Amino acid sequence: MCAMDSADTDTLFSPPDALQSRYVALTLLGQCLDQQKPLDQLLDNDTALLRLDSRDRAFVRAIVLTALRHLGQVDDIIRRSVERPDQKIQPAHLHHLLRVAVTQLVFLDVPPHAAVNTAVDICDRLGLMRLKGFVNAILRRVAQSGKAITGTQDAARLNTPSWLLESWIKTYGLQVAIKTCEANMIEPDLDLTIRDQSQLAYWAETLGAQILPNGTLRRYDGGAVPDFPGFSAGTWWVQEAAASLAAPLLKPQAGDVILDMCAAPGGKAAQLAASGATVVAMDRSASRMRLLRDNMARLGLEELVTQTIADAATWRAAHQAQFTKILIDAPCSATGTLRRQPDTAWLKLPQDVDRLAAVQARILENAVALLAPGGTLVYCTCSLQAAEGEDQIAALLAKDKTMIRVPIQPEEVPGLTDALNVNRELRIMPWMWPDLGGVDGFFISRLRKLH
């Protein structure tokens with residue numbers, strides 16, 4: 001639970017900011033759930049949000065992310081608080097208004113009068129004047145009994161779409177599926193990769209961070225990332241710990257020319273370039289490649305990274321050149337990132353997994369053609385779906401006898417040896433590293449081309 005001190009939240013906003021921040025939150029929630037817009041894009045580009053001051057923006061982010069992380073619980077609390085549990089909450093913006101208020105009352109510990117009164121006042125802005133009494137009555141009930149209701153809820157089930165939960169039960173079994181759902185409700189901390197590993201201890205102390213077993217840092221306190229020491233100097237970059245494990249498995253070194261397929265926003269490309277390798281960074285998205293370009297410039301790695309806007313499933317290098325090392329962080333359903341991207345659970349459907357698995361297969365086929373004999377390929381996805389991980393590699397090996405697995409060794413993944421499967425691929429689950437705050441779900445396999 002992401003609790004805020006009641007004394008702080010009581011005075012956090014004064015009108016009209018108190019109304020505007022909550023109005024922006026319900027608008028973002030509606031755009032995400034009703035218009036199927038990814039939340040990270042909304043948070044980066046929404047003009048109403050960007051006009052708020054930094055404290056208000058942080059409050060909006062907390063509301064929306066918490067509402068999405070506990071969406072099933074929030075809706076269940078609303079159902080239990082109306083006079084008829086089968087009553088459909090309409091129109092949609094009324095439902096989002098209630099979700100924003102319930103999230104504040106139950107999961108953010110905002111004082112009841114602040115959450116309830118602002119919700120009632122926002123009814124005017126939404127054209128819901130006749131429903132003020134309805135909103136007030138529901139939220140008064142939630143203020144009295146909402147937290148008690150959470151003690152009776154099956155939170156793991158409620159906060160996970162049924163198709164997703166069923167797929168995890170089928171793949172991992174009931175107990176692991178439940179552990180996964182529970183881990184996804186824990187708000188993640190900030191992970192950083194240090195460019196110069198010899199300075200790891202210094203930057204851990206400077207940033208107030210903990211050194212993780214894999215040699216990255218985890219910062220448990222909040223704050224604006226650009227304001228942290230070392231950011232503007234390009235000393236480090238934000239990169240979730242599990243995502244940082246793939247690039248080192250290629251054993252990059254100076255003199256290598258490495259193809260990074262699906263490279264943006266550039267965390268893995270930065271790891272490869274920081275080792276001295278020359279990187280051909282490819283992505284089909286021009287906007288994401290602009291972000292990669294900006295990141296490489298800040299890190300001082302732009303001379304080592306060549307940028308190519310292209311489709312990884314069809315691209316061919318000039319003169320049909322082949323690479324001895326290739327990294328694929330394939331586009332996927334991202335079901336391993338629900339801790340930090342809770343909207344993904346509500347935006348993705350089973351057919352999305354099927355569609356993306358087909359894309360991954362085409363990228364893998366093209367990568368094999370681009371890989372030189374004796375070359376190494378590392379494939380990874382931030383998905384918990386076997387169709388995008390284990391099944392994808394098994395299908396490739398069954399079809400292409402020139403490719404074999406190169407087992408990942410325990411010493412290459414310190415602290416995560418339990419994540420190695422029978423084929424020595426990495427299947428990282430969100431509930432791993434419980435004493436450190438968890439980790440994103442990830443799949444990584446390393447392959448070699450025989451001839």
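## A buried alanine in a loop

Let's start with one residue. Ala334 has a relative accessibility of 11%, so it counts as buried, the cut-off for that label being under 20%. You will find Ala334 in the loop that runs between strand E8 (323–329) and helix H16 (343–347). Keep in mind as you look around that this is a predicted model.

What does Ala334 touch, leaving aside residues up to four places away in sequence? Its contacts are Gln341, Thr344, Cys382 and Ser383. The backbone of Ala334 deserves a look too: its phi is positive, near 60 degrees, in a residue other than glycine. For a sense of distance, try Leu377, which is 43 residues away from Ala334 along the chain; the two C-alpha atoms are separated by 21 Å.

## The whole protein

Now zoom out. The protein contains 18 helices and 12 strands. Its C-alpha trace spans about 75 × 45 × 40 Å along the principal axes. How does the radius of gyration fit with a compact globule, and why? A compact globule of 451 residues would have a radius of gyration near 22 Å, and the protein has 23 Å, so the two agree.

Of the 451 residues, 55% are buried. The chain also brings together residues from distant parts of the sequence: among contacts between residues at least 6 apart, 72% join residues at least 24 apart.

## Surface and charges

The accessible surface of the protein is about 19400 Å², and carbon and sulfur atoms account for 52% of that area. As for charge, there are 46 positive and 50 negative side chains. The centres of these two sets lie 4 Å apart.

## Two nonpolar cores

Which residues touch the most other members of the largest nonpolar core? They are Leu292, Leu416, Leu426, Ile428, Phe442 and Ile444, in a core of 57 residues. Several helices and strands each supply at least two residues of this core, including helix H11 (162–172), helix H12 (174–183), helix H15 (286–299), strand E9 (371–381), strand E11 (426–428) and strand E12 (442–449). There is also a second, separate core of 52 residues, and among its members are Ala25, Ala115, Val116 and Ala119.

Leu426 gives a good view of the packing. Not counting residues up to four places away in sequence, Leu426 touches Leu245, Ile408, Val413, Leu416, Ala419, Leu420, Phe442, Phe443 and Ile444.

## A helix inside the structure

Helix H14 (267–274) is another element that supplies at least two residues to the largest core. Why can we call H14 largely enclosed by the rest of the structure? The reason is that 7 of its 8 residues are buried. Those buried residues are Gly267, Lys268, Ala269, Ala270, Gln271, Leu272 and Ala273, so you can see a lysine and a glutamine on that list too.

Look at the chain on either side of this helix. In the loop between strand E5 (257–261) and H14 sits Pro265, which is joined to Ala264 by a cis peptide bond with omega of about 10 degrees. After H14 comes Gly276, with a positive phi near 105 degrees.

## More backbone details

A further cis peptide bond runs from Gln90 to Pro91, with omega near 0 degrees. Pro91 is in the loop between helix H6 (71–81) and helix H7 (92–107).

Trp433, in the loop between E11 and E12, has a positive phi of about 55 degrees although it is not a glycine. Is Trp433 buried or exposed? Its relative accessibility is 9%, so Trp433 counts as buried.

## A lysine in strand E12

Our last stop is Lys449, which belongs to strand E12. With a relative accessibility of 10%, Lys449 counts as buried. Leaving out residues up to four places away in sequence, Lys449 touches Gln322, Val368, Ala369, Leu371, Ala372, Pro373, Gly374, Gly375, Thr402 and Met403. Gln36 lies 413 residues from Lys449 along the chain, and the C-alpha atoms of the two are separated by 40 Å.

Technical notes. Residues are numbered from 1 along each chain as its sequence is written. This is a predicted model: local features need pLDDT of at least 70, side-chain atom pairs count only at pLDDT 80 or more; totals for chains, interfaces and linings use all residues. Side-chain values use heavy atoms; hydrogens and water are left out. Helices (H or I, at least four residues) and strands (E, at least two) are DSSP runs, numbered from the N terminus. The radius of gyration is taken over C-alpha atoms; the globule rule is 2.2 Å times the number of residues to the power 0.38. Buried means under 20% relative accessible area, exposed over 50%, partly exposed in between (1.4 Å probe, protein chains only). Contact means heavy atoms within 4.5 Å. Accessible areas come from the Shrake-Rupley method with a 1.4 Å probe; for residues, only the protein chains shown count as cover. Lys and Arg count as positive and Asp and Glu as negative; His and the chain ends are not counted. The place of a charge is taken as NZ of Lys, CZ of Arg, CG of Asp or CD of Glu. A nonpolar core is a set of buried Ala, Val, Leu, Ile, Met, Phe, Trp, Tyr and Cys residues joined through side-chain atoms within 4.5 Å.
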